[in-house]
Amino acid sequence: MKDYALYHIDSKAVPQDVIKKKNKEKSWAYGYDEEHDIVVISKDGTIGEIYSINTLKVALPETPSEVDDRGNRWAPSEFPKDLQRIKSIFDWNRKPREFQSKWINFIENEFDRREYGYWFINNGKPCYVTGSHYMYLQWTKIDVGLPDFRESNRIFFIYYEACKADNRCFGMVYLKNRRSGFSFMSAAEIVNQATMSKDARFGILSKTGDDAKKLFTDKVVNISNNYPFFFKPIQDGMDRPKTELAYRVPASKIKKKNMSRVDNEDDMDGLNTTIDWKNTADNSYDGEKLKMLIHDESGKWMVPNKILNNWRVTKTCLRLGSKIIGKCMMGSTSNALDKGGAQFKSLYEDSNPGDRNANGQTKSGMYNLFIPMEWNFEGYIDEFGMPVFHTPKSPVIGVDGEKIKIGVIDYWNNEVDSLKSDSDALNEFYRQFPRTESHAFRDESKASIFNLTKIYQQIDYNQSLIKDRVLTRGYFHWKDGKKDSSVVWTPDNKGRFLISWFPPAQMQNNVLKRGDKFYPAMSTLARLAVTRMIYLE
């Protein structure tokens with residue numbers, strides 16, 4: 001079966017004897033480990049498996065000796081009714097000490113899971129979710145109640161945790177498909193971070209001011225209001241604010257050694273942390289200092305507003321000099337190229353973690369991530385959070401308890417076949433539910449005099465050859481910049497040419513004559529490419 005994996009385990013990234021020694025000492029530090037070129041997202045001093053996600057090597061914590069089994073799959077833990085009745089830290093502080101002693105372990109465990117992440121048995125194997133993902137699954141109320149566990153979301157949160165941990169990175173730009181859950185996941189993360197940050201500001205932008213406001217009022221505020229009392233700070237102002245969510249007095253982290261009663265709000269320090277949103281403009285948040293910025297629907301900014309201009313401004317909000325102090329979580333499907341898609345595509349391509357400058361950063365400062373639609377399409381996720389790629393021999397039970405009788409890729413191919421006579425509808429389907437980056441950035445066919453369907457079919461075929469390492473993208477240039485000298489090939493993801501083979505130096509002794517100029521002999525494809533370079537000159 002074809003490999004649809006979102007990551008691969010890199011067992012050679014760090015020698016096993018080094019891992020064993022440092023695990024014993026618990027000396028692995030959260031963040032970028034320059035010596036081994038890995039990003040450690042573990043906070044307990046150990047590392048285990050190292051995931052290679054989009055060329056970024058991410059070290060997870062070591063698997064514990066005991067892992068919770070919630071019925072061989074994810075299931076949220078029950079929230080005790082005694083604790084549901086408590087609405088604030090002040091209600092808790094007024095409870096008898098006996099009551100507090102009964103529930104203190106439950107509360108401490110939740111804080112630990114929020115900090116260190118959580119392990120559980122899923123389909124017979126230990127499965128790790130980050131603290132942010134745990135908060136999303138366990139404590140985030142979305143439009144359908146609590147979210148389902150999906151493997152794609154697990155990788156999303158692991159990748160974003162690596163972006164947070166990496167001091168070279170400004171955040172993540174996520175090329176998504178429709179209804180992938182990004183808006184709720186980003187809203188959950190901004191609430192999670194804000195409710196444990198002091199003297200910080202968090203911001204929200206979207207394709208329009210109304211969209212940013214809707215994300216704030218319908219998702220962020222609602223998630224915050226439904227947090228359990230031990231995670232929820234006391235907020236200033238209305239229960240459902242329209243412009244700013246302000247945490248003025250926090251709920252203290254509860255511990256066994258800190259169970260004293262505090263009845264007066266003035267006896268507690270405030271977080272002084274806010275979440276707000278801005279109208280869409282190139283200079284939104286100009287001059288502000290942000291700990292986190294949500295950039296929703298960033299592939300749909302319409303003229304006169306431009307996402308590239310705005311990112312140049314908001315990027316400065318996340319840094320102090322050379323030090324990165326905040327992170328951006330950016331995500332979107334892409335509009336047609338002339339409707340904001342071209343700028344988003346440029347920003348996305350400038351965020352390849354495999355292409356860095358001398359400072360160790362990508363051109364944009366962010367890391368990009370694309371998760372194909374087959375990993376996130378509703379109705380095709382099994383009870384363990386994994387996609388059913390191809391039609392099974394017998395029905396598979398889905399995460400919603402319904403039977404899955406057809407594979408998601410087979411379903412997708414059927415939809416594509418039915419739309420082949422309608423180029424615009426087909427391109428829109430590709431953009432909304434992309435299986436490749438090329439699908440996501442397709443343009444409207446009515447904007448071109450050529451048959452874009454045929455052109456994109458060839459592009460998809462070329463991309464498949466690149467993925468299978470049959471072709472390499474790059475560019476040709478003259479050696480040492482000297483015109484009419486020998487030709488040099490340089491691989492580059494943004495190169496103009498594709499080649500399957502380039503002759504070694506010993507095979508370049510023959511010459512190719514064209515007019516009164518001589519060029520090294522090479523493969524037919526390379527000669528054509530060089531000829532094209534000559535004509536362009």
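A charge sits over a ring if NZ of Lys or CZ of Arg is within 6 Å of the ring centre and within 35 degrees of the ring normal. Keep that handy for the first exercise; the model here is a predicted one.

**Exercise 1.** Find which ring arginine 168 lies over, then do the same for lysine 219.

*Solution.* Start with arginine 168: it lies over the face of tyrosine 32, 3.5 Å from the ring centre. Now lysine 219, which lies over the face of phenylalanine 184 at 4.8 Å from the ring centre.

**Exercise 2.** Classify the ring pair of tyrosine 174 and phenylalanine 182, and say whether each residue is buried or exposed.

*Solution.* A search of the whole structure turns up 38 aromatic pairs. In this one, the ring centres of tyrosine 174 and phenylalanine 182 are 5.9 Å apart and the planes meet at 40 degrees, so call it tilted. Next, accessibility: tyrosine 174 has 0%, so it's buried. Phenylalanine 182 has 1%, so that one is buried too.

**Exercise 3.** Work out the geometry of tryptophan 412 and tyrosine 430, and where each sits in the chain.

*Solution.* The ring centres of tryptophan 412 and tyrosine 430 are 5.5 Å apart with planes at 50 degrees, so this pair is tilted. Tryptophan 412 belongs to helix α11 (residues 408-419) and tyrosine 430 to helix α12 (residues 423-432), so the pair links distant parts of the chain, 18 residues apart. To finish, check burial: tryptophan 412 is buried at 4% relative accessible area, and tyrosine 430, at 8% relative accessibility, is buried as well.

Methods: Residues numbered from 1 in each chain as written. Predicted model: local features only at pLDDT ≥ 70, side-chain atom pairs only at ≥ 80, totals over all residues. Heavy atoms only, no water. Phe/Tyr/Trp six-rings, centres within 6.5 Å; stacked < 30°, edge-to-face > 60°. Buried < 20%, exposed > 50% of the residue type's maximum accessible area, 1.4 Å probe, protein only. Helix = DSSP H or I, 4+ residues; strand = E, 2+ residues; numbered from the N terminus.
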